[in-house]
Amino acid sequence: MAADNSSILIPDEVSISNLTSSIALNQTFLEKLATAPTVLYQNKDLLVLECRIVFTALACIYIGSHGAIRRPPSAKLAKSSKAAKNGETKDDEDRDDEYVQGLLLSDAIMFPILAGTILIGLYYLIKWLEDPDILNKILKAYFSLMSLASTGQLLAAGLHFLTGFVFPTVWIGGNGKVYHIDPERRGQWHSDDSTDSRVWDDKKVSPFPGLFSGLTFRDTTNKLIWDIRHLFLEQWTVRLAIHGIIDEKIKVKFNDIFGFVLALGANVLYYTTESIFLSNVMGYAFSYTGIMLLSPTTFVTGSSVLFGLFFYDIFMVFYTPYMVTVATKLDAPIKLVFQGPTRASMLGLGDIVIPGMFIALCLRFDNYMYYYRKQKLQEVELEKHDESSGQLVTSKEMQRLVIKPVYVNPQGQWGDRFWGTKLHRIFSPDATPALRASAFPKPYFHAAMAGYLLAMVATLAMMLTFNHAQPALLYLVPGVVSAVWLTGAVRGEIRDMWKYTEDGSLDKTDVIVEVDGEGNVIKDITAPKDGDDKDDKQKEGSEAKSVDESAKSGKEKSNDAAVSSAKKASDDKAGQYPVFLLSIEAPAPN
């Protein structure tokens, strides 16, 4: 299966060869397990490779899970005026409020069936072709095209990460003062301790933080730096119009466009070369995007899907040649390849994405519980009409109305956390509402990550002990799922885990509940009428849009009117319309 002196972690399984001289075949299981540390010490390059594999898998899941955070149903959408104070735009709010199509309970059966069908089909196609080179070329072209969006998204996220460190919105000085960088006045200010008013620092006129904030430039140079900051942080408009097919406008940032261009170049190079590095970049992108887009919907559905693939993985690895043959014969970005001085290892993307989507669900549940605990109950008086006695009797009673807290987007705060937080408070930043929101407790996420780490270590131990291919999901699924449910049992939140869902049914407004003597919610008294729960998000979005539009300045209104008039005049001219149009509009300078 592998070349001599190599350790290979192939998709959904782990195998190792040429270590029989280190582990005797006639040893018992416990004796073999006891010799594993010695074997690792004698094969240091193997240990380094496996550590790289584990670290890469954890990093992909960590980044993808944080990229998949959305507004939980326990919080309400912020009004545009409040979002603007937190540095968000209306388009940021819309992205926060997007729901993705989640998995169904039936997918626990369909996933293994579909995966098995594809795997067996590829296996016999390879056998029929004898030389899989043609198939590899087809798959390389296919994945080069399909990975364009995911690679662009990953590269754009990396560029946003770097931009946040160069151009943060806040930073903290040695005197403990928190400085805010204002792009409109192109200056920096801090709050006065006694009056809580803004105090502008005339010596800090650049958009840079920390020691760099005191740098002085010529007026033209300083203006150019502020324009560059504006270029990277403000929204761009991309419009694609094809007559009779599509006419869409999307809001992006410069990094999104630049990331797409870089992805296009990377995909062309991958197709024309045999670069392992570019193949890994595409693999990272597939994992990142897969974790962001796939939602198990509920913990029950997620656990069922994982255990369905758990049995599928065991059967395909131990009882058929399909998995090993397809994984080793195909040269496509469906795995991450790690090379060492004398060995090579491979990690299947399934070992990242499948547990990763469940771990991302745990992080969103942590965020849900964070806002759920911040909900308040307001007393309201309800009227009840009783006609059972033949007469209309009206009575009043006091109940509780659930007041949801306003959602604050915690994403994209790495630069602000680095510059705006003292080292001893790096895990509990409080300089801005967004920083405070980013530090919400994550017990389920941390438990799932710990379970994944221990499961990967167990996989490696079994690989060394038995010197045989080991399906990684055999250890990852029980490790991750049991860690999460055990955490819920210890915290007494099994009921909350059971009822949590991302299908939108929990996203309700004006919910009245009944509470017990200790103030705990027992049940909902009034549920929205049919269709109301589906319209709640649209109502909040419409309300926010109305507030946003009413808050526009006169200058913005006049600009919009001018643009609309020009567009209308252009469209009405000779009845013209765009047959094909692709345009990118840059933000106007301040």
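Reader: In the hairpin of E3 and E4, which residue takes a positive phi?

Author: In this predicted model, strand E3 (residues 170-172) and strand E4 pair in the antiparallel sense over 3 bridges. Val170 stands opposite His180 in E4. The hairpin has 5 residues between the two strands, and the residue with a positive phi, near 90 degrees, is Gly176.

Reader: Which residue takes a positive phi in the hairpin of E4 and E5?

Author: Strand E4 is joined by 3 bridges to strand E5 (residues 187-191), and the two run antiparallel. Asp182 stands opposite Gly187 in E5. This hairpin has 4 residues between the strands, and the positive phi, near 50 degrees, belongs to Arg186.

Reader: How many residues of strand E4 are buried?

Author: Strand E4 covers residues 178-182 and is mostly covered. A residue counts as buried under 20% relative accessible area. Of the 5 residues in E4, the number that are buried is 4.

Reader: Through how many residues does a hairpin join E9 to E10?

Author: Strand E9 (residues 335-339) is mostly covered, with 4 of its 5 residues buried. It is joined to strand E10 (residues 344-348) by 5 bridges, and the strands run antiparallel. Phe338 stands opposite Ser345 in E10. The hairpin joins E9 to E10 through a number of residues equal to 4.

Reader: Which strands stand at the edges of the open sheet that holds E8, E7 and E15?

Author: The open sheet has 3 strands in the order E8-E7-E15, with antiparallel pairing. Each edge strand has a single partner strand, so one side of each is left without a neighbour in the sheet; these strands are E8 (246-253) and E15 (580-585).

Reader: By how many degrees are neighbouring strands of the sheet E8-E7-E15 turned against each other on average?

Author: The order E8-E7-E15 makes E7 the neighbour of both E8 and E15. With direction ignored, the average turn between neighbouring strands of this sheet is 10 degrees.

Reader: Which residue in E8 stands opposite Trp236?

Author: Strand E7 (residues 235-242) is joined to E8 by 8 bridges, and the two strands run antiparallel. Within this pairing, the residue of E8 that stands opposite Trp236 is Val252.

Reader: Is Ile584 buried, exposed or partly exposed?

Author: Ile584 is found in strand E15. Its C-alpha atom is separated by 5.7 Å from that of Thr237, 347 residues apart along the chain. Leaving aside neighbours within four places in sequence, Ile584 is in contact with Trp236, Thr237, Val238 and Ile257. Its relative accessible area is 48%, and buried requires under 20% while exposed requires over 50%, so Ile584 is partly exposed.

Reader: At roughly what angle do the axes of helices H9 and H12 cross, and is the crossing left-handed or right-handed?

Author: The axes of helix H9 (residues 276-293) and helix H12 (residues 350-372) come within 8 Å. They cross at roughly 35 degrees, and the crossing is right-handed.

Reader: How many nonpolar, polar and charged residues make the contact of H9 with H12?

Author: From H9, the contact is made by Phe286, Ser287, Gly290 and Ile291. From H12, the residues are Ile352, Val353, Gly356, Met357 and Ala360. By class, the contact has 6 nonpolar, 3 polar and no charged residues.

Reader: Is Ala447 buried or exposed?

Author: Ala447 is found in helix H15 (residues 443-466). Beyond its neighbours within four places in sequence, Ala447 is in contact with Ala483 and Thr487. Ala447 and Val480 are 33 residues apart in sequence, and their C-alpha atoms are 7.9 Å apart in space. The relative accessibility of Ala447 is 16%, under the 20% limit, so Ala447 counts as buried.

Reader: Among contacts between residues at least 6 apart in sequence, what percentage join residues at least 24 apart?

Author: The protein chain contains 19 helices and 15 strands. Of its 590 residues, 44% are buried. Among contacts between residues at least 6 apart in sequence, the share joining residues at least 24 apart is 72%.

Reader: Over which residues does pLDDT stay under 50?

Author: The mean pLDDT of the protein chain is 78, and 74% of its residues reach 70 or more. One stretch under 50 has 95 contacts beyond four places in sequence, and this is residues 1-25. Another has 32 such contacts, and this is residues 527-558.

Terms used
Residues numbered from 1 in each chain as written. Predicted model: local features only at pLDDT ≥ 70, side-chain atom pairs only at ≥ 80, totals over all residues. Heavy atoms only, no water. pLDDT = per-residue confidence, 0-100. Contact = heavy atoms within 4.5 Å. Buried < 20%, exposed > 50% of the residue type's maximum accessible area, 1.4 Å probe, protein only. Pairing = 2+ DSSP bridges. Axes fitted to C-alpha atoms, helices over the stretch in contact; angles between N-to-C directions. Left-handed = near helix turned anticlockwise from the far one by under 90°. Nonpolar A, V, L, I, M, F, W, Y, C, P; charged D, E, K, R; others polar.
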